[in-house]
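Work through these exercises with the model open. Each one has a task and a stepwise solution.

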Amino acid sequence: MYNVFLDYGIFGLIFTIIIIIVLAFILTNFFVFVINKISNKWNLEITLNYLLKDFSKYATWIIAIFAILEVIGVDVSAIVVSLGIVGISIGFAARDIISSFIAGIFIIADNTVKIGEVIEIGDTRGRVQKLGFRTTTLVTTDNLIVTVPNSLLSKNFYISYTYLDEQRIDLEVSIPYNVDLENFKEIFIEQISTLDWVLEDSKPRIIVKEIISEEIILKISAWANEYSKIEQYRLNLANETRKILNELYKVY
């Protein structure tokens, strides 16, 4: 590969590399611009938008790296052959990355996870912010960013709340053993149902989880429809429960 700048020695070499890098940046931004325009025009799903941009970015920089290697005199074809020879070793060393990448392809093809939906995997629940080939990024209700390898999504079951507008807010409460549960349940449901965020068609619920020597562990639940405010609702639910117990039994 002949380049006129190489006639100027090391400075020409550096200048050529800089041009390749700058062109890669320009092309990457250009592809992002074009993909966004196409997405807006044809109403492409946001998941596909992210994936197309990721693919164009990876492809552009891979080509740029090979171009730089060729400019500095590295035999690119020999590298390709060498990669074939050491491919097995690399495969074992990077099997988790490869597994996540392949899993990402299947997740994308099956369309089981989408940008904007709420999923729960293990003890983590969050809204899908980004779906890539290797990882999926979730944002929890307390604004924590959680990066989940796609291999975990393919190997473990997860709960999807895509088609559910209702979000359940759970809270565990311990109350004295001598509390009248039926009376507490009746008053609790009546008062909690009046909160402005509690859905009218989904009544609050109380479940007895455990009875120990002097306490009863209850799981109380209420339903709302704004995922971003779940932690605020949970705090509100805890405060209202405390008020009810205090008024009835002077527990707190």
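**Exercise 1. The whole chain**

Task: State how much area the protein chain exposes and which atoms supply 61% of it.

Solution. The model is predicted.
- Step 1: The protein chain exposes about 16,100 Å².
- Step 2: Carbon and sulfur atoms supply 61% of that area.
- Step 3: Turn to burial. The protein chain has 252 residues, and 32% of them count as buried.
- Step 4: Add the secondary structure, which comes to 7 helices and 8 strands.
- Step 5: Take the contacts between residues at least 6 apart in sequence. Of these, 61% join residues at least 24 apart.

**Exercise 2. Helix H1**

Task: Find the nonpolar surface patch that includes Ile18, then find what Ile17 touches beyond its sequence neighbours.

Solution.
- Step 1: Ile18 sits in helix H1, which covers residues 10-42.
- Step 2: Check its accessibility. Ile18 counts as partly exposed because its relative accessibility is 44%, and the cut-offs for that class are 20% and 50%.
- Step 3: Collect the patch. Its members are Ile10, Phe11, Ile14, Ile18, Val22, Leu23 and Ile26. Together they have about 690 Å² of accessible area.
- Step 4: Move to Ile17, also in helix H1. Setting aside neighbours within four places in sequence, Ile17 is in contact with Ile68 and Ile72.
- Step 5: Compare sequence and space for Ile17 and Val71. They are 54 residues apart in sequence, yet their C-alpha atoms are 7.7 Å apart.

**Exercise 3. A strand residue**

Task: Decide whether Thr137 is buried or exposed, and list its contacts.

Solution.
- Step 1: Thr137 lies in strand E3, residues 135-139.
- Step 2: Its relative accessible area is 13%, so Thr137 is buried. The cut-off is under 20%.
- Step 3: Leave out residues up to four places away in sequence. Thr137 then touches Arg127, Val128, Gln129 and Lys130, as well as Ile145, Val146 and Thr147.

**Exercise 4. Salt bridges**

Task: Say how many salt bridges the whole structure holds, and describe three of them.

Solution.
- Step 1: A search of the whole structure gives 4 salt bridges.
- Step 2: Glu120 pairs with Arg125, with the closest N and O atoms 3.3 Å apart. Glu120 is partly exposed at 21% relative accessible area. Arg125 is partly exposed, also with 21%.
- Step 3: Lys219 pairs with Asp170, with the closest N and O atoms 3.8 Å apart. This pair links distant parts of the chain: Lys219 is in strand E8 (residues 215-224) and Asp170 in strand E6 (residues 167-176), 49 residues apart. Lys219 is partly exposed at 22%, and Asp170 is partly exposed at 21%.
- Step 4: Glu240 pairs with Lys243, with the closest N and O atoms 3.8 Å apart. Both lie in helix H7 (residues 230-249), 3 residues apart, about one turn of the helix.
- Step 5: Contrast the two ends of that pair. Glu240 counts as buried because its relative accessibility is 17%, whereas Lys243 is partly exposed at 35%.

**Exercise 5. A charged patch**

Task: Name the residues in the patch of negative charge on the surface, and place Glu190.

Solution.
- Step 1: The patch gathers Asp180, Glu182, Glu186 and Glu190.
- Step 2: Glu190 belongs to helix H6, residues 181-192.
- Step 3: Glu190 has 55% relative accessibility, so it counts as exposed. The cut-off for exposed is over 50%.

Technical notes
Residues are numbered from 1 along each chain as its sequence is written. This is a predicted model: local features need pLDDT of at least 70, side-chain atom pairs count only at pLDDT 80 or more; totals for chains, interfaces and linings use all residues. Side-chain values use heavy atoms; hydrogens and water are left out. Patches are made of residues with over 30% relative accessible area and no salt bridge: like charges are joined within 9 Å, nonpolar side chains (Val, Leu, Ile, Met, Phe, Trp, Tyr) within 5 Å. Accessible areas come from the Shrake-Rupley method with a 1.4 Å probe; for residues, only the protein chains shown count as cover. A salt bridge is a side-chain nitrogen of Lys or Arg within 4 Å of a carboxyl oxygen of Asp or Glu. Helices (H or I, at least four residues) and strands (E, at least two) are DSSP runs, numbered from the N terminus. Buried means under 20% relative accessible area, exposed over 50%, partly exposed in between (1.4 Å probe, protein chains only). Contact means heavy atoms within 4.5 Å. Lys and Arg count as positive and Asp and Glu as negative; His and the chain ends are not counted. The place of a charge is taken as NZ of Lys, CZ of Arg, CG of Asp or CD of Glu.
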